[in-house]
Amino acid sequence: MRDWQAIAQATYDIIVIGGGINGAGTARDAALRGLKTLVLEKNDFASGTSSWSSRLVHGGLRYLEQFEFSLVRESLREREVLLRNAPHLVHPLLLTVPVYRERSRPYWKVWAGMVLYDIFSYDKSVPIHRMLRGGALQQVLRGLDRENLAGGAQYYDAQAEYAERLCLENIFAAQTAGATVCNYVTVTGLQKSGDRLSHVECRDTLTGETFTVQVAPDGIVVNTAGPWVDKVLERVSPVWNCDRQIGGTKGSHIIVDRFPGMPDAALYVEAKSDKRPFFILPWLGKVLIGTTDLLFEGDLDRVKADNSEIDYLLSETNAIIPTANLSRADIKFTYAGVRPLPYTQGKDTGAFTRKHILHDHSSEGVNNLVSLIGGKLTTYRHVGEEIVDWVYQKRGQTAPPCLTLTTPLPGCISATDPKIQSATRQYASLISRESISHLFTLYGAQATQVLDLVNASPELAQKISPNLPDIQAQIVYAVKHELAQTYLDITRRRTTIAMQDYYGLNALPVLAEVLQKHCDWTSEQCDRARTEYYDYMRNNCIPDFQLGAIDAQLKVLQ
Ligand SMILES: Cc1cc2nc3c(=O)[nH]c(=O)nc-3n(C[C@H](O)[C@H](O)[C@H](O)COP(=O)(O)OP(=O)(O)OC[C@H]3O[C@@H](n4cnc5c(N)ncnc54)[C@H](O)[C@@H]3O)c2cc1C
């Protein structure tokens, strides 16, 4: 895949800039419909906004308040498609909305929202909502603050705990369907000739090597760079007139251990201080709390949860579940991302539309370039379908039928599939039942490929960290089969070790050992990878108030 000469000499029907969920979904759709497809991602796949979401595959109850009915319907339809086509990665999730007297959303309003939500998801496979009066809700959720509790609603949405893997699975499915997919390739220039883009200039981010990809005479360039959409558009030359497209808002999350009073179901609650809704979500045995919504004009490559955002999420959680008693000391991980929303002036950030826009740049004199503005995790498949239909239309061709609606993702497997039982028996002496089940959740049916590595080298059955079910074969699989190039690719996107166990720092010695033994990494390469890893964690994930203590601990360990 990293043969730049071959890529420079080839011609592509569609060049996708950005390997987040929307680029990945577009590439899969395009390749399945027979288009020669190239994906260029400047970092790792799923390293942008797609890895910083709340991980919900949802209709967006809140969007009903903004009358975004078409978005709600589209999202609820796509939720159903994902529950069917990716059941290993997307699961139904029960949510509770507590309603308090004298807050901004009264009981009747929540009830009306629930009824509408059920109507918009008339074709769903999950149960409809139920309303509970105060006493009944207290019976179900004993930890909730009782003062002024009027009751609440319970309803189903869905959760993609490993949202990054949803993106990766689309990337690798695109690759299997014939696409060329490259991570760590930055698009540095887009050459315009007449009213078309003729060349895409690229730089290998790992080696600094540069190369140029030709755009075929009927080739189309798709800008799915998320919050970086405008940065990509700035690279068009000669310079053109293109208005600002993105007005991103930052959203932060915190991860804490389960706390007293935390229900098994998720909570969707209104913050006491500013009436904003936010989520308290069960996530891989921990609790994911988010999010904030702040205008963001900073460096998109260094986005971090501020102390004030962290304190807001902690105190609002304590307000709704007083026994939680959370403090800064409870933080296990934080992350923040920027929503690629359409540039909007003069509105409250919560009121910015969440609907996506396909911006055809022919209006600015470039005929073969389209930018995606917005686009949620939930709706990526439909967005991909729309983009590929547009590509065919631009090429003056009839689009073949879209296949992604009915084609399951490659890992698609049900939790009761006999393959899981049989693997559990076959590897009983080497790998725990918990780890086997984890592998089938993470990789779906493709878990057998990870287990094949254990057949060849049984020592790879050992765990990476004693606290987690991940096994060492996953490290080798990530590098040899899933285009992982850095420590972060392995701990943060091929697995979620970084988010679950001390920022992934404990796992680094094991990574170094396995990579040197099985993937020909040198010790210098591992040292460099470790330094880069620390830098990234410091700049993006470790809250400022923890930096001193973690640095001191690492010094002792070195
Ligand atoms: C806090 C938060 C919570 C959210 N929660 C949810 C949720 O629960 N459910 C939901 O459905 N949606 C949610 N979203 C929205 C959703 O996550 C995003 O809209 C979606 O992930 C955007 O995906 P994308 O592929 O368009 O962008 P990204 O994932 O950002 O991908 C764009 C990619 O382009 C690459 N790129 C940029 N410049 C270049 C270049 N020059 N060359 C090559 N590559 C480049 C970047 O590295 C990046 O990987 C949330 C978003 C945020 C921020």
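## A tour from the ligand outwards

Begin by selecting the ligand in this predicted model, and then show the 40 residues around it, among which G18, G20, G48, G226 and G251 come nearest. If you colour this shell by residue class, you will find 13 nonpolar, 21 polar and six charged residues. Next, pick out the elements α2 (21–32), β8 (185–193), α8 (229–233) and β17, each of which supplies at least two residues of the shell around the ligand.

Now colour the chain by domain. The domain assignment gives domain 1 as 4–49 + 164–241 + 354–394, domain 2 as 71–79 + 90–159 + 247–351, and domain 3 as 418–557, and you may notice that the first two are each written as several stretches of the chain. Between which domains does the ligand lie? Domain 1 and domain 2 both give residues to the shell around the ligand, so the ligand lies between these two.

Keep domain 2 in view and add domain 3, whose centre is separated from that of domain 2 by 30 Å when both are taken over C-alpha atoms. Where these two domains touch, the contact takes 14 residues from domain 2 and 11 residues from domain 3. On the domain 2 side, select α9 (307–320) and β17 (331–339), which are the elements that give two or more residues to the contact; β17 gives the most, with four residues. This strand is thus worth a second look, as β17 also supplies at least two residues of the shell around the ligand. By class, the side of domain 2 that touches domain 3 divides into eight nonpolar, two polar and four charged residues.

Then turn to the interior and select I15, A27, V39, I171, A174 and V221, which touch the most other members of the largest nonpolar core, a set of 170 residues. Helix α7 (residues 163–176) provides the largest share of this core, eight residues. Centre the view on I171, and, leaving aside residues up to four places away in sequence, you will find that I171 touches G19, A24, A27, V39, F45 and V181.

Finally, zoom out to the whole chain, which has 19 helices and 19 strands. Its radius of gyration is 23 Å, close to the 24 Å that the globule rule gives for 558 residues, so the chain is as compact as a globular protein of that length. Taken along the principal axes, its C-alpha atoms fill a box of roughly 70 × 55 × 50 Å, and 50% of the 558 residues count as buried.

Note on methods:
Residues numbered from 1 in each chain as written. Predicted model: local features only at pLDDT ≥ 70, side-chain atom pairs only at ≥ 80, totals over all residues. Domains from an automatic or database assignment. Contact = placed C-beta atoms within 7 Å. Nonpolar A, V, L, I, M, F, W, Y, C, P; charged D, E, K, R; others polar. Core = buried A, V, L, I, M, F, W, Y, C linked by C-beta atoms within 7 Å. Buried ≥ 20, exposed ≤ 12 C-beta atoms within 10 Å, placed from the backbone. Rg over C-alpha atoms; globule rule 2.2 N^0.38 Å. Near = placed C-beta within 6 Å.
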